[in-house]
Amino acid sequence: MGIAIIGAGFAGLCMAIKLKEAGYHDFVILEKAADLGGTWRDNTYPGCACDVPSPMYSFSFELNPGWSRMFSPQEEIWAYMRACADKYGVTPHFRFGVEVTGLEYDDDRNLWRVFTSTGEPITANAVVSGIGALHVPSFPDIPGKFGGPAFHSAQWDHSVDLTGKRVAVIGTGASAIQFVPRVAEQAAELRLFQRTPPWIQPKPDFAVSDRAKKVLRLPGAARMARNSIYWLLESRALGFTIDPRLMKVHRRMAERHLARQVADPGLRARLTPDYTIGCKRILLSDDYYPALTRDNVELVTDAITEIRDRSIIDATGREHEVDVIVYGTGFKVTDALSEQRIIGRNGRKIQDAWQDGVEAYLGITASGFPNLFFLLGPNTGLGHNSVVFMIESQVRYVMDCLRLLSRTGAKALDVRPEVQRAYNDRLQRRLDRLVWTDGGCTSWYLDEHGRNRAIWPGFTFEYWTRTRRMRPSAYELLR
Ligand code: NAP
């Protein structure tokens, strides 16, 4: 086997398409689920949509003038991915229902042994990990056990009818603010347990008219729309990358939005964050605040201390009787990468390589793990633009690495440890003074030592430039 891609989300799909285009046919995409789509297959909660404009949250090589909305719903994004897989002829390369359980590097043959849940032995010259950061649901560690239905936003249980029920939602992050308005319409009562309020700005969403779709089909029009959105989003990076003080404009916009939508000063105060905007993901919504002003919705800001058979107890001792609990409590982010069973050169475990924190060179290659490429790996997530842009940059970089191997006849490449060290030292120094670490909040961007292992601290065009060409001198070639 030439190349094994792990995961059939946006990252794995992009890698497969670009391999196919370049004339590689000897590759498989190993996917533990029964279909492609990654996060857009898993997250089916009511109201699920992308909070990045669709013209930008799609492949640059497959613009879609037919998006129904500026921020398209989950089913449409998922359908787009399936259409891409068919159009670019990668569908036969998927192996669904195959979970990768471990990777082991064979030093003698310079190959990866890929272990899977089906027991089928696979060896590969190169492995591309497209497992994403946000797919292992995180449940809060609260004492007690609930007797009724309870599920996580990423594992929505559609068999539970919320109509007329008393529903508790725990969490107020990017997922929760999308489904809370829908649940509020259905449930008899909704108790929303908020630990930290998010900063929320208006969502400039609208249905794309048939006329606009026609215009977007004209030569160059969809490209122009995408480019304009790209630069608009990129301008948001100024405060993130240069100085948190530049976030003031964003703060004012969010405060005005809250003031316009919530008349009650008490509720408004409880919805006002006390940290610098941007420290956690800035959320976009026009229907979240209005949902909280409904008579059947109560915002609870006291911590949860216990979960009982049919109720939730808060820190004041108050008992909230509920029929269903929905966890909007996010994902175990750094664990997703560092808990993998990966054994690299000379039997070194990835956990040992990452004992001081998860890191890679350009977020793509880790020293001691030759020909293992991470897509959306450490420090390549974004708070201001589309991660699909990052994925495309990384895939192009991997292709460049593969071309170097063919050109030189080397079997594998391994990033030099000093190159990886210098890169990450610089990156961390830069992150130290930016809003994610300095903004007075905690988030999934930070690891247990408070270090940002998730976010790219610059403009995306900077990342694009740095990954445009791989630097052979940064790598040791194994023959
Ligand atoms: P999240 O942003 O990590 O939010 C989790 C929420 O659960 C937070 O409000 C957190 O509060 C709360 N929480 C955790 N433990 C709690 C506890 N014990 N008691 C009370 N509250 C608790 O997770 P998410 O909303 O699933 O979003 C994760 C990421 O997915 C986002 O940052 C984004 O990158 C991505 N996403 C993207 C989209 C999109 O449209 N592109 C949509 C959804 C999600 P604290 O803030 O206090 O920790």
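A cavity here is a set of points, on a 1 Å grid over the protein atoms alone, where a 1.4 Å probe fits but cannot get out; grid points are joined across faces, edges and corners, and a volume is the space filled by probe spheres set on the points. The model is a predicted one, so to speak of local features takes a pLDDT of at least 70, side-chain atom pairs count only at pLDDT 80 or more, and totals for chains, interfaces and linings use all residues. Residues are numbered from 1 along each chain as its sequence is written, and side-chain values use heavy atoms, with hydrogens and water left out.

On those terms, the structure has one cavity of 30 Å³ or more, and the largest cavity comes to about 50 Å³. Around the largest cavity sit D51, V52, R236, R281, I282, L284 and G383, where a lining residue is one with an atom within 4 Å of a point. By type, the lining splits into three nonpolar, one polar and three charged residues. For that split, Ala, Val, Leu, Ile, Met, Phe, Trp, Tyr, Cys and Pro count as nonpolar, Asp, Glu, Lys and Arg as charged, and the others, Gly among them, as polar. Domain 1 (3–136 + 332–478) and domain 2 (150–206 + 243–327) each contribute residues to this lining, so the largest cavity lies between them; the domain bounds come from an automatic or database domain assignment.

Next, the disulfide. The structure holds one, counting as a disulfide any pair of cysteine sulfur atoms within 2.5 Å. C279 and C441 make the bond, with an S to S distance of 2.0 Å. The torsion about the S-S bond of C279 and C441 is about -95 degrees, so the disulfide is left-handed. The pair ties together distant parts of the chain, 162 residues apart: C279 is in the loop between α9 (265–270) and β12 (283–284), while C441 is in the loop between α15 (435–438) and α16 (460–467). Helices (H or I, at least four residues) and strands (E, at least two) are DSSP runs, numbered from the N terminus.

Now for the sheets. Strands of a sheet pair through backbone hydrogen bonds, either parallel or antiparallel; two strands are taken to pair if DSSP finds at least two bridges between them. One open sheet has five strands in the order β8-β17-β9-β10-β13, with parallel pairing. Its edges are β8 (150–152) and β13 (297–300), each pairing on one side only. Neighbouring strands of this sheet are turned by 20 degrees against each other on average, direction ignored, with axes being lines fitted to C-alpha atoms and angles running from 0 to 180 degrees between N-to-C directions. Within the sheet, β9 (residues 166–170) and β17 (residues 324–327) run parallel and are joined by four bridges, and A168 stands opposite I325 in β17.

A four-stranded open sheet follows the order β6-β5-β4-β18 and has mixed pairing. Here the edge strands are β6 and β18 (342–343). β4 (residues 100–106) pairs with β5 (residues 111–116) in the antiparallel sense over six bridges, with G102 opposite F115 in β5. These two strands make a hairpin with four residues between them, and N110 in the turn has a positive phi of about 50 degrees. On to β6 (residues 122–124): β5 pairs with it over three bridges, again in the antiparallel sense, and W112 faces A124 across that pairing. The hairpin of β5 and β6 has five residues between the strands, and G119 takes a positive phi near 85 degrees. The parallel part comes from β4 and β18, which pair over two bridges; the bridge partner of E104 in β18 is I343.

Finally, β14 (residues 304–307) and β15 (residues 311–314) run antiparallel, joined by three bridges. I304 stands opposite D314 in β15, and three residues make up the hairpin connection from β14 to β15.

Key. 1 Å grid on protein atoms, 1.4 Å probe; cavity = no way out; pocket = protein on both sides within 12 Å on 5 of 7 lines; lining within 4 Å.
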